[in-house]
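Colleague: Hey, got a minute to walk me through this one? I'd like to start with the holes and then look at the strands.
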Amino acid sequence: MIAALPMYDRVETREETDRFWSLISQGTGFSSLSLSRDQDLWDIWRHPELILAQTCGMPFRVSLRENVNYVITPDYALDGCPAGYYNSVFLVRHSETRDLSQLVKGTYAFNEALSQSGWAGPITHLLQSGLKPTKLVQSHAHVSSALMVAQGEADYCAIDAHTWRLIQRYDAFAAVLCELERTQPTPALPYICSKQTDSSEIESRVLDAFQQLSPKDSAALGLSGFIKIDPRRYFDVPTPPTPDEMTKISDMC
């Protein structure tokens, strides 16, 4: 068996994450199971005995939809988003004077090609405005993307709004950055389990655990509640060209 809650698992909130998992797992046959933090995410998500994990909307719709059960979606109470939804924030340095139509001629930092908030959402936003990034650099993490912009190694990036909230809370370099635009909301990062795991039971345990979670821990994790979203809402989100495909698209403006 395996379980993981990796998507917002910062060092500063690790104890709160562990306490939440302890509440979820208490009194079960997997109560002694600790959250995995040292395995490849794809190995976790595809594990045949996955009890619970959080994934990103894009991997869920393009690679995992046939291999996992949807459980429930956390609500982070993000500005401008319906409950259970999130969006991406385009970040630049405070000294930046260009808008997106000019920034696309510079360097865009993104975490992963299979990231909804770092790639799919922002690129869809640009393409719908008749824009495309001309230079790409992969950072492998949202925090790294933001840091690259802060340090002048990239001109702009887009990260999910909850990650940006955590960066503002914990990382000093956030003072160098400001928000330029936001994408349209899409369903937030879902909780999943393996096909052989009873998703209804896990959903019930997550909801009960949230009710027992202290207000201090809930605030630290940014959790406002949980929402049941029709998985088809995830599958209907647009998937843009990959980074490799993007470089082959002629300029649109």
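Colleague: How do the residues lining the second largest cavity divide into nonpolar, polar and charged?

Modeller: Keep in mind that this is a predicted model. That lining has one nonpolar residue, eight polar ones and no charged ones.

Colleague: Which residues are they?

Modeller: The second largest cavity is lined by Tyr86, Asn87, Ser88, Gln116, Ser117, Gly121, Thr183, Gln184 and Thr186. Helix α5 provides the largest share, three residues.

Colleague: And how much space is in there?

Modeller: About 30 Å³.

Colleague: OK, how many cavities of 30 Å³ or more does the structure hold?

Modeller: Two. The largest cavity has about 170 Å³ of space. Its lining is made of 15 residues, and Tyr8, Thr17, Gln54, Tyr76 and Leu221 are the ones nearest the centre. Helices α1 (14-25), α7 and α9 (215-221) are the elements that give two or more residues to that lining.

Colleague: What's the lining of the largest cavity like by class?

Modeller: It has 10 nonpolar residues, four polar and one charged.

Colleague: Let's switch to pockets. What volume does the largest pocket have?

Modeller: About 820 Å³. It is lined by 36 residues, and the closest to its centre are Pro6, Met7, Leu41, His140 and Ala141.

Colleague: Which element gives the most to that lining?

Modeller: That's α2, with four residues. Along with α2 (41-45), α6 (142-150) and α7 (161-170) each supply at least two. By class, the lining of the largest pocket splits into 19 nonpolar residues, eight polar and nine charged.

Colleague: What about the second largest pocket, what's its volume?

Modeller: About 190 Å³. Its lining has 13 residues, with Gly121, Thr124, Gln128, Gln184 and Thr186 closest to the centre. The elements giving two or more residues there are α5 and β10 (186-187), and α5 has the largest share with six.

Colleague: How do those residues divide by class?

Modeller: Five are nonpolar, eight are polar and none are charged. You'll spot some familiar names too: Gly121, Gln184 and Thr186 are among the residues closest to this pocket's centre, and they also line the second largest cavity.

Colleague: Nice. Now the strands: in what order do the five strands of the open sheet come?

Modeller: The order is β1-β2-β11-β3-β12, and the pairing is mixed. At the edges are β1 (2-4) and β12 (225-227), which each pair on one side only. From one strand to the next, the twist averages 25 degrees.

Colleague: How many bridges join β1 to β2?

Modeller: Three, and the two strands run parallel, with β2 covering residues 50-54. If you want a spot to click on, Ala3 is opposite Leu52 in β2.

Colleague: Which helix lies across β2, β3, β11 and β12?

Modeller: Helix α8, residues 199-212, and it runs at about 20 degrees to β3.

Colleague: One more pair: in what sense do β6 and β7 pair, parallel or antiparallel?

Modeller: Parallel, over four bridges, with β6 at residues 107-110 and β7 at 135-138. The chain gets from β6 to β7 through helix α5 (residues 116-128), and this β-α-β crossover is right-handed.

Colleague: And which residue in β7 is the bridge partner of Phe110?

Modeller: Gln138. Helix α5 is worth a second look as well, since you've met it already: it gives six residues to the lining of the second largest pocket and three to that of the second largest cavity.

How values were computed: Residues are numbered from 1 along each chain as its sequence is written. This is a predicted model: local features need pLDDT of at least 70, side-chain atom pairs count only at pLDDT 80 or more; totals for chains, interfaces and linings use all residues. Side-chain values use heavy atoms; hydrogens and water are left out. Two strands pair if DSSP finds at least two bridges between them. A crossover is right-handed if, with the strands pointing away from the viewer, the path from the first strand over the helix to the second runs clockwise. On a 1 Å grid over the protein atoms alone, a cavity is a set of points where a 1.4 Å probe fits but cannot get out, and a pocket is an open set with protein on both sides within 12 Å along at least five of seven lines; lining residues have an atom within 4 Å of a point. Grid points are joined across faces, edges and corners, and a volume is the space filled by probe spheres set on the points. Ala, Val, Leu, Ile, Met, Phe, Trp, Tyr, Cys and Pro count as nonpolar, Asp, Glu, Lys and Arg as charged, and the others, Gly among them, as polar. Axes are lines fitted to C-alpha atoms, for helices over the stretch in contact, and angles run from 0 to 180 degrees between N-to-C directions. Contact means heavy atoms within 4.5 Å.
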